[in-house]
Structure formats: structure tokens, C-alpha cells
Amino acid sequence: MTADYRQQALENPTLVLRQLYQTRPSGSFPRLVAEHFQKLFESQNAFQRIPWLDVNRPPESYEDRTLVRFRAMVQDTSLSTEMYLSQFADGGCGGWGIYETDGGSSSSVQEVDYANLQECSVLWATSVPAESAWCKEELNGPRSESARTPIPTTSGQVSPRAHKYPHPDTNHVGVQVKIYDREGIDSYKSTDVVTFIGILSTEPCNLDQTHTAADVPTLHVLFSQRHSPTVLSRPFPRSERPARQERSIGSSDEQRSESIADDTQQVRDELISWIAQEALGGDRVAAEWILLSCISRVQSRHPPLLPPSLVISRFPPPPPVPSTTASVPPPIPTISAILRLLLPLTDTLPLSLDTLNKRRFVPESQDEDLHAGLLQLPQGTVVLITEGGVREGQLLERVQDIMDAQTLAYVFPYSQFTFPTDISCIVLSEGRKSTFFRTDLNVPLRASTSPADVAALYKPADEIKLPPAEKLVAFRDLVVGARSGKVQVPEPTSEHIQLNFVRERQGDRSLTADDLIRWMTVAKLYALSLHEPSLSIETWQRAKAFDDQRRAAIA
């Protein structure tokens, strides 16, 4: 397809849609539309020319019926389907926000052919909560130079229906999404991350049953792209960098493999050191456990192989902040900013009396409108929970459900349903263990408690000493690649593990199958962090010794 035709689609997608309708073959027109526009923008360069929606380029900054892309989290799939007239009396194209007045048709209600009535599905989608700035920049790509430039707007405007976003007080975009190609429509699930590409307009939304439907930004989808839980794609195991390939010309495959393994071990060690020095008072052990927690995910639900929850205990509370007001929030631990620099999806949940008393943790339907909860987050999110704002309390069952079973409750007026999720939890606690949660792993922080050193645990993001840009990229590649990797256990290693467990149990009758499962989980995470697709006996021994050291520290 010519560049001129692609430019026409960018400038006037409605015209291209109408032209396509006039030349359509038999079959599903919505499917044809999806395939046509997907083919038109299949190359990365072409796709990144489509302007995007975000808080800096909100819907109101675009002219009506502009072609845009919106990377979003599906928040609510319970909206009613809508009927639309797929063809007008004059033979013109309907749907995608095109109405008879748009085409100058004068047909009356009596002339409507009801055989042309079709359904479109309606969703509510929001900006992706927990998305890191660097991930957003990478996926958005360079700023598009399309003919329809966004109109400047006043920043800080509140998105309509802010209660449908987990953090309603923060800037975000909320959009009503209409999907005309219903093939596979049932596969859209709450918290899925999807990029919707379509025509932007404003239409009524019938979510609120108690008031007159208000106009909201509406995206008429032409085609969409689904994202995996890692959002970004990185190789596993790590591949050679071009510079190293040039130095390795003439080397054997075995030598190159060893070279990559050595480089991975070095990157891993440097990453652990950086996390420890910048956010954990120099504690490399705690930093290594946080790394393993960051790359953990749901491996299987039957049998359940879930990410282990981690508490960093003995984490000092923040130093007092001089203030004349009582509303100043406590400082956030620096590890929160470190995680945002490394992970595509991460969120921080500071527990406080205000949070416990006033915020909802799980989605709840009110007047047939699903209100978001703090835990309605995309799969693949790493959540940092800080307990410093509360001294005592009861078990938070909703968060515990995620830790124990990786399920999240959705509350409706007369019922409650649970849906699968995939969220890794890291808890920071002042005490010997978590005040609110039963965690799988407990790692006490070994750091100085002098006022200056404690203050360093809470230094702001702009005081973090960043590694060189190339090194930071290598850190991200290692973490994101490990999150998507899989580790196999070869037969020799499996036999060694079984014999080792039998010997251990002969010396300690308190050991159970749960201990073996924990060792296997830690060993696989350890191998993932080394980008080893196969668990070797050596890595098993290192991982087990690492966990034994942790257990001894809390004994």
C-alpha cells in the first residue's frame, strides 16, 4: 500500500472507511476493516506515526474523528452491547461513530432495513496504571508528525468517571471503547493491557443509571494489539550485543555461550550492588531477594506455582518531616523509585489509616457501574507495600488473597466473583515480620540505623545515582527477559534434588513438602536471574544455600 494512502488514513480515517465499504467483498465487514487497517500500519515505523492518547495528549486535545492509538487497561467489560445501523438507506457505511447526518442522508426511520442492525461491544478502558515512564516512552515511540496535531489544553484536567481508575486523584485518561469486530470479543478480560487503534469522538455513556447519560471520550476501534503480561519484549536467555559479537568473530559457539553467561553474571552482580547501595543501605542480600521477587510470576495454576510474597523486615520507619500541617504524606522508600527504573509495571501501596479507612482495595459495582480498586492492576505488576504509616492492624484479606492464591475479588450488590491475577508483592515492615500479611519469605534488612543512613533509605528519586545509560538498559533487559523466561529441570538435576531432600529430612524431621516446593521456586528464580533456561545442579546448590542463609537470619 502506498505511503499516500497511509497518509490519507492518518488524516481522514472516516473517508478511508467509507471507501473501503463501497468496494467490500462479501463477508464480515468489521473483520475486513480490522485486517485492512492492521495491514496498513503493520510496520513499526508506520504504526508509530499514529498519534497516541495519554495524560499529555488527552482526548480533548484532538479534533473530532482523529485516528489515534490508546494503550490502555481494560477496566470494565460489563457495559451493555449497542445496536448500530451498519448500512444507511442510501447504501452508505454505518458504524464507527458514522451517522446518517454525517453523510448527508435524509432517510427516515420508516426506511430503515432492520436486517442491517448489528451489535458492537462496549468497554471502559483507562491509562495503564503502574506503567513506568521509560516503558511508556519505549512503547509510544517518537512523537508522531501527523497532519492533525493535538490542540493545546490545560494540564491537570480530571478524566471523566475518575472512580474507574485505581488512583482516581491522579491524572489519567478514561475512554469508552466500542468494538465492532466481535471475533474473539469474549477474550477481553478486566486488567488486560491492549492498544486500541481507532477513530476518536465524543458520545453519551449510559453507565450511570441515576442520571442523564453524559458525553465521554469514545474510541471506535478499527483494530487492536494485545500485550503480554511483561508488556515489553526482551530475549531469554540474553543474546550477545553487537559490540561483543564483533570481538567474538571466529569464536566457537561454546566460547560465545560462556562469554554471554559471564557477562550476564557480571550484569546481575552490578544490578544487585546498585539496588543495595542506592536503596537498601548496602544490603546485597536483601537486594538479591528483591531481584528474585521482581522476576517472579505465575508459572502454573494447576498445580499452583505462584510468585512467593516477600517481606523485608526490620525496615526503619521514615525520619520525621518538619511541617506545620498534618496532611503531609510520609516519604516513600527509595526502593519504589528503583523499581520504577527497572520494571515496566510497578505500583507502590503505602498503608495508612486514611488508605485503610477511605480507599477501596477491590473493584466494586455500584448502580451497575464498576468502581476500580487499588488492586485492579495489570497482570505482571510488582506491588511494593509499605507498612510504615500504621503501627498495628488486622490481616488485609484482599491483599492476602493475591499473595496466597493470585485471585482478586470483584464485589457486586448480591454476589462476589474472583478472577485470576498475577501480581508480585514486596512488603516493607518495621517489625520482625509483617504486621498485616502472611508472607512466604522473610528477609531482615541489615543496614545501619543512624539518622543519616535511615534518611538515605527515603531519598527522593532525583537523588538516585543512575548507572550509565547502556548499563541501565542492560539491567532492564536482564529483569524483563527473566520475567518472560522458563526454566526446565533436567533429569540429573531432578534426581539430585530428590536425594538431597531425603538426606535433609533424615537430619531434620520438621521438613515438609512445602520446604521442597519453596526450594524449587527459589532455585528456578535464581536460574531465571542468571538467564539459565535449564536448572543445573550448581545453581540448585547456590540457591538452596542462599535460602538456608535467609532462614538462619530469622531463626
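The following paragraphs describe strand pairing in a predicted model, beginning with strand 5 and then turning to an open sheet of five strands.

Strand 5 spans residues 193-205 and is mostly covered, with 11 of its 13 residues buried; buried here denotes under 20% relative accessible area. This strand has pairing partners that include strand 1 and strand 6. With strand 1, which covers residues 66-76, strand 5 pairs in the antiparallel sense over eight bridges. With strand 6, formed by residues 214-226, the pairing is likewise antiparallel, and here 12 bridges join the two strands.

Gly198 offers a convenient point from which to view both pairings. Towards strand 1, this residue of strand 5 stands opposite Val68. Towards strand 6, the bridge partner of Gly198 is Val221.

A further part of the model is an open sheet of five strands, in which the pairing is parallel. Read across the sheet, the strand order is 10-13-16-9-17. Its edges are formed by strand 10, residues 346-350, and strand 17, residues 441-444, each of which pairs on one side only. On average, neighbouring strands of this sheet are turned by 20 degrees against each other, direction ignored.

The edge strand 17 can be followed to its partner in the sheet. Strand 9, made up of residues 310-313, pairs with strand 17 in the parallel sense, and four bridges connect them. Within this pair, Val311 is found opposite Asn442 of strand 17.

Key. Residues numbered from 1 in each chain as written. Predicted model: local features only at pLDDT ≥ 70, side-chain atom pairs only at ≥ 80, totals over all residues. Heavy atoms only, no water. Pairing = 2+ DSSP bridges. Axes fitted to C-alpha atoms, helices over the stretch in contact; angles between N-to-C directions. Buried < 20%, exposed > 50% of the residue type's maximum accessible area, 1.4 Å probe, protein only.
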